[in-house]
Number of protein chains: 2
Amino acid sequence: MLRVPTTVDVFNAIAERRRRAIVEWLAWQEPMAAGVLVVALGLPQPAVSKHLGVLRKVGVVAVIEQGNCPVYNPEAETLKPVHDWAKGFEELWGHQLDRIKERAEQRAHAETESPTSLEPRKGQA
Amino acid sequence: MLRVPTTVDVFNAIAERRRRAIVEWLAWQEPMAAGVLVVALGLPQPAVSKHLGVLRKVGVVAVIEQGNCPVYNPEAETLKPVHDWAKGFEELWGHQLDRIKERAEQRAHAETESPTSLEPRKGQA
DNA sequence: CCATTGTATTCCCGTAAGGGAATATGTCAA
DNA sequence: TTGACATATTCCCTTACGGGAATACAATGG
């Protein structure tokens, strides 16, 4: 089981700088033709088309077919899992650092260093 | 310029399921030896070691040297950029959808479909 | 119908990266 | 010091993936 392909896993899809840039552009100026992105990002046209293909398959971007010049739309809901996952560690970089460390240690002691389940109970799996 | 290596770009580092799982475990039960993760995740020991190496290099994880049995710690601040980036699109999956679409269209009209800068002004670049 | 334009696709190549097995390293115990 | 244990590293192999060039495809305008 290798890495989940970019066209399936959102985390993997946005692991590419240019794709993140594309999403940013689309989010900034809503519906946009591929050609605009080509000019804007200064990338070769096939590259943009491929990246858009990945983003489309993974659901980060939706395409509105308009004849010769299809227009791309951000589907940001797909990015929510990323946000939620990272947000799950918010308390770790915030001020409540000590609080959660205490909790963690309490749990650790309670279980005597041998977890019974193979899944973290905290969630955000 | 290919994809930024996993040991440099956080987005790419967490694009791997197992690494996310490792981070989750560490966040759940604070300091933890590599061996515990091996048992917990059911992965071969070298795999866990390698993944921890990546996470360490990218800064998502810190290691506390303890002789034979070094202990790993989550360094969640490194994940904040991911959170922030995704959060930048929060308004797109929320209720303010129409609001931002209006704004975007206004800008689009104001600039007559030809962006002058090569960077999105919205930020989160 | 044909030419033009914009976009998607294909082919080939190079490389990063993960898996598995074996091995090295390093630490603690006796 | 030697042996046992835990972790890190190396080697080889396979594959996903991005780049570049060329091409195919679709739609529109003449």
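1. A polar contact is a pair of N or O atoms within 3.5 Å. In this predicted model, one such pair joins the side chain of Arg3(A) to a phosphate oxygen of DNA strand C, at 2.8 Å.

2. Two arginines of chain B also approach the backbone of the strand. A polar side-chain atom of Arg18(B) is placed 2.5 Å from a phosphate oxygen of DNA strand C; for Arg19(B) the corresponding distance to a phosphate oxygen is 2.6 Å.

3. The surface near DNA strand C comprises 26 residues, of which Tyr72(A), Thr6(B), Arg18(B), Arg19(B) and Lys50(B) come nearest. Of the strand's atoms that come within 4 Å of the protein, 63% belong to sugar and phosphate.

4. Both chains contribute helices to this surface: α3 (34–41) and α4 (45–58) of chain A, and α2 (17–28) and α4 (45–58) of chain B, each provide at least two residues. The most, 4 residues, come from α4(A). By class, the surface has 11 nonpolar, 9 polar and 6 charged residues.

5. Thr6(B) merits separate attention. Thr6(B) precedes α1 (10–13) of chain B and counts as buried because its relative accessibility is 19%, the cut-off being under 20%. Beyond its sequence neighbours within four places, Thr6(B) contacts Arg3(A) as well as Asn12(B), Ala13(B), Arg19(B), Val54(B) and Val58(B).

6. Turning to the interior, the largest nonpolar core holds 62 residues, and Leu79(A), Phe89(A), Leu79(B) and Phe89(B) touch the most other members. With residues up to four places away in sequence excluded, Leu79(A) touches Val10(A), Ile14(A), Val23(A) and Val60(A), together with Trp85(B), Ala86(B), Phe89(B) and Trp93(B) of chain B.

Terms used
Residues numbered from 1 in each chain as written. Chains lettered and ligands numbered in written order. Predicted model: local features only at pLDDT ≥ 70, side-chain atom pairs only at ≥ 80, totals over all residues. Heavy atoms only, no water. Core = buried A, V, L, I, M, F, W, Y, C linked by side-chain atoms within 4.5 Å. Buried < 20%, exposed > 50% of the residue type's maximum accessible area, 1.4 Å probe, protein only. Contact = heavy atoms within 4.5 Å. Near = heavy atom within 4 Å. Polar contact = N/O pair within 3.5 Å; in protein donor to acceptor, adjacent residues only side chain to side chain. Nonpolar A, V, L, I, M, F, W, Y, C, P; charged D, E, K, R; others polar.
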